[in-house]
Amino acid sequence: GAHTTFKLSVFCFIGAIFLLCSGVCNSVVLNITAENLDSYLLNDVVVLKFYAKWCVRSDRIAQEYDTAVRELTLWQTDYLSGSNRINNHHDLDQQIVYGQIDGTAEPSLRTRYKIWGYPVIIFQRKGEPYQVYHGRTDYRGIVKFVKREILAKWRDINTPSQLHAFLQIEEISILGVFKQNKIRA
């Protein structure tokens, strides 16, 4: 009867969400080693989490990092397909790799990035020095850091929806209004 239809509908709905998310939501956090790091650094952006298996703080941040990566992957996809795109600067048309490095198993990488404790999150744009994240270790803090680094440059804002999207990322912003009736952030 109606009860069976409800259970079947809920099951189908959950199954549909699982299938949708398996392609989009299931963003991959790659295991990075000394052997493969340089090939990943050829991408536009690499976000790395250094951890140690014995570290309690590393255990705590593991789920937060995975959640942040899923949210960032969805944000990148949504941002590229939506009208909030800021002046077609292609900020998010970048290949972004999210990885994790077991610092105890990769001493050469620990030395290369000057890692002395765990966990540590690093943002590196191709050909530029890396940035170390020093903020909150919940997923919101990680997301905010990565978004800020991805969009860290001047850009034109031409519509209210672009301004709204920009203000969702930045706590502190400097806006300038110029003769062409554009807002520059």
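This note goes through salt bridges in the predicted model, with attention to where the paired residues lie and how exposed they are.

1. On the total: a search of the whole structure returns five salt bridges, and three of these pairs, arginine 112 with aspartate 38, aspartate 44 with lysine 126, and arginine 136 with aspartate 138, are taken up below.

2. On the pair between two helices: arginine 112 and aspartate 38 meet through their side chains in a salt bridge, with 2.9 Å from N to O. Because arginine 112 belongs to helix α4 (residues 107-112) and aspartate 38 to helix α2 (residues 37-40), this contact ties together parts that are 74 residues apart in sequence. Arginine 112 is partly exposed at 38% relative accessibility, and aspartate 38 is likewise partly exposed, its relative accessible area being 46%.

3. On the pair between two loops: aspartate 44 forms a salt bridge with lysine 126, and their closest N and O atoms are 3.9 Å apart, a value to read against the cut-off, which asks for a nitrogen within 4 Å of a carboxyl oxygen. Aspartate 44 sits in the loop between α2 and β2 (45-51), while lysine 126 sits in the loop between β4 (120-125) and β5 (131-132), so the pair links parts that are 82 residues apart in sequence. Aspartate 44 has a relative accessible area of 26% and is partly exposed; lysine 126, at 45%, is also partly exposed.

4. On the arginine 136 pair: the side chain of arginine 136 meets that of aspartate 138 in a salt bridge, at 2.8 Å from N to O. Aspartate 138 counts as partly exposed, with a relative accessible area of 22%, where the cut-off for buried is under 20%.

Definitions and conventions: Residues numbered from 1 in each chain as written. Predicted model: local features only at pLDDT ≥ 70, side-chain atom pairs only at ≥ 80, totals over all residues. Heavy atoms only, no water. Helix = DSSP H or I, 4+ residues; strand = E, 2+ residues; numbered from the N terminus. Buried < 20%, exposed > 50% of the residue type's maximum accessible area, 1.4 Å probe, protein only.
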